[in-house]
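Me: I have a model open and want to learn how to read it. Can we go feature by feature?

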Amino acid sequence: MVRLIVHLVLGACLWLPVLSLAGPQETYTIVIKEHQFEPAQLSIPAGRKVKVVIDNQDPTPEEFESYELNREKVVAGGKQIILYLGPLKPGSYKYFGEFHKETAQGTIVAK
Ligand SMILES: [Cu+2]
């Protein structure tokens with residue numbers, strides 16, 4: 001039993017660094033409100049995988065779409081989705097809300 005516990009503890013310790021390397025390091029949030037993205041420009045670190053929550057606070061659905069990021073995902077009204085982006089090269093990546101293109105425009109800047 002003791003050996004089992006030691007084994008589990010050691011095992012967990014060995015895996016921790018691997019898990020933290022594998023998982024995304026930071027989480028960012030983009031809010032959709034009145035068919036606009038907020039912030040309209042989001043800066044994230046280049047060369048790293050990040051987690052981006054798209055939080056749709058409008059009652060209507062929106063579609064997060066970006067040719068440059070190669071993403072297209074519907075967010076139901078009042079719901080959230082999670083996107084994993086990167087690692088990205090430094091630069092600007094435009095995205096828009098397919099359902100409200102006139103107002104829902106944004107840029108992700110990797111630096
Ligand atoms: Cu689309």
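Me: Start with strand pairing. Which residue in S6 is the bridge partner of Glu62?
Reply: Val75 is the partner of Glu62 in S6. Keep in mind that this is a predicted model. Now widen the view to both strands. S5 covers residues 62–66 and S6 covers residues 71–75. They run antiparallel and are joined by 5 bridges.

Me: How many residues lie between S5 and S6 in the hairpin?
Reply: There are 4 residues between S5 and S6. Look at Asn70 in that turn: its phi is positive, about 55 degrees.

Me: Where do S5 and S6 sit in the sheet order?
Reply: A general idea helps with any sheet. In a regular strand, side chains alternate between the two faces of the sheet. Here the open sheet has 5 strands in the order S3-S9-S8-S5-S6, with mixed pairing. Its edge strands are S3 (41–44) and S6, each pairing on one side only. From one strand to the next, the twist averages 20 degrees.

Me: The pairing is mixed. How do S3 and S9 run, parallel or antiparallel?
Reply: S3 and S9 run parallel, with 4 bridges between them. S9 spans residues 105–110. For one bridge to find on screen, take Ile44, whose partner in S9 is Ala110.

Me: Now the metal. Which residues are the protein donors of the copper ion?
Reply: Glu63, Glu65, Glu72 and Glu98 are the protein donors, each through OE. They lie 1.9 to 2.0 Å from the copper ion. Along the chain, the donors follow the spacing E-x1-E-x6-E-x25-E. Glu72 is in strand S6, while Glu98 is in the loop between strand S8 (91–97) and S9, so this pair ties together parts 26 residues apart in sequence.

Me: What is the geometry of the copper site?
Reply: Start from the ideal. Four tetrahedral donors have ideal angles of 109.5 degrees. The angles among the 4 donor atoms of the copper ion run from 72 to 146 degrees, and the site is irregular.

Me: Is Glu98 buried or exposed, or what else does it count as?
Reply: Glu98 counts as partly exposed, because its relative accessibility is 27%.

Me: Next, the other sheet. What is its strand order?
Reply: The order is S2-S1-S4-S7, in an open sheet of 4 strands with mixed pairing. S2 (36–38) and S7 (80–85) are at the edges, each with a single partner strand, so one side of each has no neighbour in the sheet. Neighbouring strands here are turned by 25 degrees against each other on average, direction ignored.

Me: How many bridges join S4 to S7?
Reply: S4 and S7 are joined by 6 bridges and run antiparallel. One pair to find is Val52 with Leu83 in S7.

Me: Asp55 is in S4 as well. Is Asp55 buried or exposed?
Reply: Asp55 is buried, because its relative accessible area is 14%. Beyond its neighbours within four places in sequence, Asp55 is in contact with Thr29, Ile30, Val31, Ile32, Lys79 and Gln80. Its C-alpha atom is 8.8 Å from that of Lys33, which is 22 residues away along the chain.

Me: Last, the whole chain. How many helices and strands does it have?
Reply: The chain has 1 helix and 9 strands. Of its 111 residues, 33% are buried. Among contacts between residues at least 6 apart in sequence, 59% join residues at least 24 apart.

Methods. Residues numbered from 1 in each chain as written. Predicted model: local features only at pLDDT ≥ 70, side-chain atom pairs only at ≥ 80, totals over all residues. Heavy atoms only, no water. Pairing = 2+ DSSP bridges. Helix = DSSP H or I, 4+ residues; strand = E, 2+ residues; numbered from the N terminus. Axes fitted to C-alpha atoms, helices over the stretch in contact; angles between N-to-C directions. Buried < 20%, exposed > 50% of the residue type's maximum accessible area, 1.4 Å probe, protein only. Contact = heavy atoms within 4.5 Å. Donors = N, O, S within 2.8 Å, 3.2 Å for Na, K, Ca; no water. Tetrahedral: all angles 85-135°; square planar, octahedral: opposite > 155°, others 65-115°.
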